[in-house]
Amino acid sequence: MRPWNFSAGPSALPLPVLEQAAQEMTDWHGSGLSVMEMSHRGKHFLQIINEAHDDLRELLSVPDDFEILFMQGGATAENAIIPLNLIGRQGLGKADYVLSGIWSEKSCKEARRYGDVAVAGSSGCASVINGLSQAAFTWFPEPAQWQLRDDAAYVHLCSNETIGGVEFVNWPDLNALGAKGVPLVVDASSHILSRPIDFSNVGLVYAGAQKNAGPAGVTLVMIRKDLIGHALPHCPSAFDYANVAASGSMFNTPPTYAIYVMGLVFKWLKQHGGVAAIEQVNIQKANALYNYIDASGFYENRVHPSVRSRMNVPFFLANEALNTTFLAESEQAGLFQLKGHKSVGGMRASIYNAMPLEGVQALVSFMQEFERRHG
Ligand SMILES: *Cc1c(COP(=O)(O)O)cnc(C)c1O
C-alpha cells in the first residue's frame, strides 16, 4: 500500500489520476505522442486545455462574467501580478490588505512595491475572541472592523492560511462595509475545489495548483471581466491579464503537462460527484481529526473553532519532547510529512481532496495508539 501523504504542498494527487497519467505517458489517446511532446497549439493539446477550462467552470459554477486563466509563477507571482493589473484601475494606486497569517503577509509585502498599500485588518496580535484567548494568527479579523478605503482598487485576503490552519469563508459584501464597488481579491490556493465558492462578493480568486488542484507549475485565476485591461504600463506582457485572456491562456507556451494532470484531477472530481460531494467528505475528515484532538488532553489545536481549516490542521503534542519520536513512528506507520511548518512548530496534517477518509482514520488510530503508549 502507498503511504498516506499529509504534505502541505506539493501534495498528494488522487491515485487514479497518477495511474492514468502513467498509462498515457508515452501515447496520449492514440496520438503517438506524450502530452509533454505535443505542440501547445495542436488539436490534441487544445482539446486538453479547453476541457480543463470547461471542467473548472462547471465544478465551481464560475459565472459567465468571469474569465478563467491558467498562468505560471504560482501564487507568489500573483502577489505582484495582481497589483500590476489592478492597482492602477482608477489611477490612484491604492489597495487594502487583510492579514491573517504568513501568506497574506507575504502578499501585502509584495504589493507595497507597486502602490499605496494599507492594512485593513490583522490578526497578527493576541486577542480574545468569544471568550477564548487566541494567539497571533489563530483567529480572523472581523470584517465589520476592517478599515477600508472607498477609493482602494481592491481588498485582498487569504481564505485559507495553509501554515496557520485558519480558513475564512464568509466573504463579506464590501458595499455593505462602506467600500462601494471595491472588488475583493482572494488567495484560495490551499482550499480551492474543496468547497463551493460564492462569487457574488468577489472580483478575483486565485490559487496555485499544487495544493488541491494538480501539480506545481500552473496557477488558476478567476477574474471578473470588467477588471481585465487595467494593467500598469510596466506590467510584463505575459502577466497582463488582458493578454492571457485574449489568448485563451496561451500568450506563450503554457505549462502543458501540469495543465493536463490538473485536467485529470478535474475529471476525477466530476466522477466523484463534484465539489458539493467532496465537501461532504472533507467535513467528515476534518470532524474526525478535530473531534479527536479536542477530546484528547495529549494533543491540541490552537486555532479558534470558528475559523479552523478543513484542509490544514496544525496540532501540538502537550509534551513537545515527544515530537521527534512522533515523527519517526508516524513515518514508520506509513503516515508521511506530518512535521509542522517551522514558524508554527508542532505537527500539521494537510488533508486535501486527494486524502480519503480512510487516510484520516489511519492518522487518528496512530495518534490514539501513540497517546496510549506515551501518555
Ligand atoms: C502555497 C501557497 C502560496 C505560495 O504558492 P507558490 O505556488 O509557491 O507561489 C501562496 N498562498 C497560499 C495560501 C499558499 O498555500
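This report describes a predicted model of one protein chain, going from its domains to single residues.

## Domains and overall make-up

The protein chain is divided into two parts, domain 1 (29-271) and domain 2 (274-374). Their C-alpha centres lie 27 Å apart. Where the domains meet, 28 residues of domain 1 and 23 residues of domain 2 take part in the contact.

A UniProt annotation, from an unreviewed entry, labels residues 4-363 "domain: Aminotransferase class V". Over residues 4-363, helix makes up 31% of the chain and strand 18%. The C-alpha atoms at the two ends of this stretch are 9 Å apart.

## Nonpolar cores

In soluble globular proteins, nonpolar side chains tend to be buried together. In this model, the largest nonpolar core has 60 residues. The members that touch the most other members are L60, F70, I192, L193 and M222. Helix α6 (residues 256-271) supplies the largest share of this core, with ten residues. Both domains contribute to the core: at least three residues come from each of domain 1 (29-271) and domain 2 (274-374).

M222 shows what such a position looks like in detail. Leaving aside neighbours within four places in sequence, M222 is in contact with L56, L60, V62, F66, E67, I68, I192, F199, G203, L204 and V205. A second core is separate from the one above and has 30 residues, among them A80, I81, Y154 and V185.

## Annotated binding site

Which residues does the record list as a binding site? The unreviewed UniProt entry gives this annotation to A75, T76, W103, T162, D187, Q210, N252 and T253. These residues are spread over 179 residues of sequence, and they are also spread in space, with C-alpha atoms up to 30.3 Å apart. Of these residues, Q210 is included in the lining of the largest cavity.

A75 is found in helix α3 (residues 74-86). With a relative accessible area of 19%, A75 falls under the 20% limit, so it counts as buried. Not counting residues up to four places away in sequence, A75 touches D187, S189, Y206, G208 and T219. One of these, D187, also carries the binding site annotation. Q210 is found in the loop between β11 (204-208) and β12 (219-224). Apart from neighbours within four places in sequence, Q210 is in contact with G9, P10, S11, P215 and A216.

## Backbone details

P10, a contact of Q210, is found in the loop between β1 (4-5) and α1 (15-23). The peptide bond from G9 to P10 is cis, and its omega is near -10 degrees.

Two residues other than glycine have a positive phi: H29, with a value near 50 degrees, and L193, with a value of about 70 degrees. H29 lies in the loop between α1 and α2 (43-60), while L193 sits in the loop between β10 (184-187) and β11. Are these residues buried or exposed? H29 counts as exposed, at 51% relative accessibility. L193 is buried, with a relative accessible area of 0%, and it belongs to the largest nonpolar core.

## A buried serine in a loop

S123 is found in the loop between β4 (116-122) and β5 (127-129). Although it is in a loop, S123 is buried, with a relative accessible area of 0%. What surrounds S123? Leaving aside neighbours within four places in sequence, S123 is in contact with L99, S100, A136, F137, W139, F140 and P141.

## Cysteines

How many disulfides does the structure hold? A search of the whole structure finds zero. To count as a disulfide, two cysteine sulfur atoms have to be within 2.5 Å. The closest cysteine sulfur to that of C108 is in C158, 13 Å away, so the two are too far apart for a bond. For C125 the closest cysteine sulfur is in C108, at 15 Å, which is also too far for a bond.

The surroundings of C108 and C125 can be described too. C108 is buried, with a relative accessible area of 3%, whereas C125 counts as partly exposed, at 40% relative accessibility.

Conventions. Residues are numbered from 1 along each chain as its sequence is written. This is a predicted model: local features need pLDDT of at least 70, side-chain atom pairs count only at pLDDT 80 or more; totals for chains, interfaces and linings use all residues. Side-chain values use heavy atoms; hydrogens and water are left out. UniProt positions are given in the numbering used here, feature names are shortened, and annotations may be inferred rather than shown by experiment. On a 1 Å grid over the protein atoms alone, a cavity is a set of points where a 1.4 Å probe fits but cannot get out, and a pocket is an open set with protein on both sides within 12 Å along at least five of seven lines; lining residues have an atom within 4 Å of a point. Helices (H or I, at least four residues) and strands (E, at least two) are DSSP runs, numbered from the N terminus. Buried means under 20% relative accessible area, exposed over 50%, partly exposed in between (1.4 Å probe, protein chains only). Contact means heavy atoms within 4.5 Å. A nonpolar core is a set of buried Ala, Val, Leu, Ile, Met, Phe, Trp, Tyr and Cys residues joined through side-chain atoms within 4.5 Å. Domain bounds come from an automatic or database domain assignment.
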